[in-house]
Amino acid sequence: MDFPQNDYLSYCIADFLVSQNYAVDYTGNYYNTVEWLSMCSELEKVQITPSKYDEGLLYCGKAWDYSVSKSAISSQLTTALVQFLFAWGALESLIKATVPNKQIKKYGKINALCGYLKEHNLNGFLPDGYLYEYERMVTLLREIPSYKDILIDSGMEGQTKYSFKSYVDISGVGVYVVSKIRNNFVHGQMRFPEPEEYSGEPISNIELIHTATRITLMTMLIVLISDVKDHDFILENAPNDGMQYSALTYLKNLCSYHSEVFEGQMQLSDFVDLS
C-alpha cells in the first residue's frame, strides 16, 4: 500500500485541528499538539558527521569511505528518530487533551489511552491502512534481534496479536506495542546499524522507526475519530481542498486521500448529507 510520508500526514492532522477550531487556546493541550505536529512535519534532516573532529580520516581512503557510509546511515536513523519523538510528543499532548486526567494519573498515559479507545468501540472506525502498518511493524520486530524480548513479552513470536491486556483492543494495540519500542529508543537500548555494505546485514531499524511513527500518527487519527463518530459533521474550512464532506469520513480515509495512488479519488459515497 502507498501512503503519504509521515511529515505530510503530520501536517494534515495539524491542519485539521486548526481548521476545526480545536487549537484556539494557545495555552491548551490541543495547541501544544499542533506545535509538536508542526515540528514533525517541518523537520528536514539531522546531519551526523563522523569526521567532524577526526581529521585523520582524510588520509585513509578506506576509513573515509566507511565514514561517508556511516554518516549517511546515521543521519537517516537520527532524522527518523527525531521525527518519531516529535510525533510521540504530539500524541501525549493529545492524550492530555482528550483522556480524563483521573485515568491518566491512575494508569499512565498509554494504558489510559488504550482503555479510553476500547471504551469508545472504535474497531469499525480504524483509519485506512492501520492494520497493514501494524502487521508490518510486527514483521520488522521479528527481523531485529534486539527486540526479541518485546515479542516474547507480547506473545508475538509466531503470530500477530491484536490484544494483550483486557483494556487493549485493535484500536489501541498499535500504540501499545509502539510504547514498548519507544522504551528501547529513550533508554539507550537500541542498537545502531552499520552500513549494509560493511556489515552484510540488512538495515531494518530505520523502517521500523518510520512505521512506529506512522502508527503513532494513525493513533492520533483514532483519538480524533472517537471525538466525532457520535456527532459527525460536515467540515467547515475543510483542510486542503475546501470541499464539504464528513469529518468522520475524512479522518478515516485521510491516508488514502493523500497517497500518490489515491490522490483525488474520493467516491460519491464519501459525501454525506447530515442535514
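Helices are DSSP runs of H or I with at least four residues, and strands are runs of E with at least two, numbered from the N terminus. The exercises below concern a predicted model.

**Exercise 1. Determine which secondary structure pattern the protein follows along the sequence.**

Solution. Step one is the count of elements: the protein has 12 helices and zero strands. Step two is their order, which reads α-α-α-α-α-α-α-α-α-α-α-α along the sequence.

**Exercise 2. Describe the protein as a whole through its burial, its contacts and its exposed surface.**

Solution. Begin with burial: of the 275 residues, 48% are buried. Turn next to contacts with a sequence separation of 6 or more; 72% of these join residues 24 or more positions apart. Finally, the surface that the protein exposes is about 14,000 Å², and 49% of this area is supplied by carbon and sulfur atoms.

**Exercise 3. Examine helix α1 (residues 6-19) for its span and its burial.**

Solution. First, take the length. The helix has 14 residues, and at 1.5 Å a residue a span of 20 Å is expected; the distance from its first C-alpha to its last is 20 Å, close to that value. Second, take the burial. Since 10 of the 14 residues of α1 are buried, the helix is largely enclosed by the rest of the structure. Among the buried residues are Leu9, Ile13, Phe16 and Leu17, as well as the polar-named positions Asn6 and Asp15. Third, look past the end of the helix: just after α1, asparagine 21 adopts a positive phi of about 65°.

**Exercise 4. Carry out the corresponding analysis for helix α8 (residues 170-186).**

Solution. The 17 residues of α8 should span 24 Å at 1.5 Å a residue, and the end C-alpha atoms lie 25 Å apart, which agrees. As for burial, 12 of the 17 residues are buried, so α8 is largely enclosed by the rest of the structure. The buried set includes the run Ser171, Gly172, Val173, Gly174, Val175, Tyr176, Val177, Val178 and Ser179. Ile181, Asn184 and Phe185 are also buried.

**Exercise 5. Is lysine 70 buried or exposed, and which residues does it contact beyond its neighbours within four places in sequence?**

Solution. Locate the residue first: lysine 70 belongs to helix α3 (residues 61-98). Its relative accessible area is 16%. The cut-off for a buried residue is under 20%, and therefore lysine 70 counts as buried. With neighbours within four places set aside, lysine 70 contacts Pro50, Pro193, Glu194 and Pro195. For one of these partners the backbone separation can be stated: proline 50 is 20 residues from lysine 70 along the chain, and their C-alpha atoms are 7.4 Å apart.

Definitions and conventions: Residues are numbered from 1 along each chain as its sequence is written. This is a predicted model: local features need pLDDT of at least 70, side-chain atom pairs count only at pLDDT 80 or more; totals for chains, interfaces and linings use all residues. Side-chain values use heavy atoms; hydrogens and water are left out. The expected span of a helix is 1.5 Å times one less than its number of residues. Buried means under 20% relative accessible area, exposed over 50%, partly exposed in between (1.4 Å probe, protein chains only). Contact means heavy atoms within 4.5 Å. Accessible areas come from the Shrake-Rupley method with a 1.4 Å probe; for residues, only the protein chains shown count as cover.
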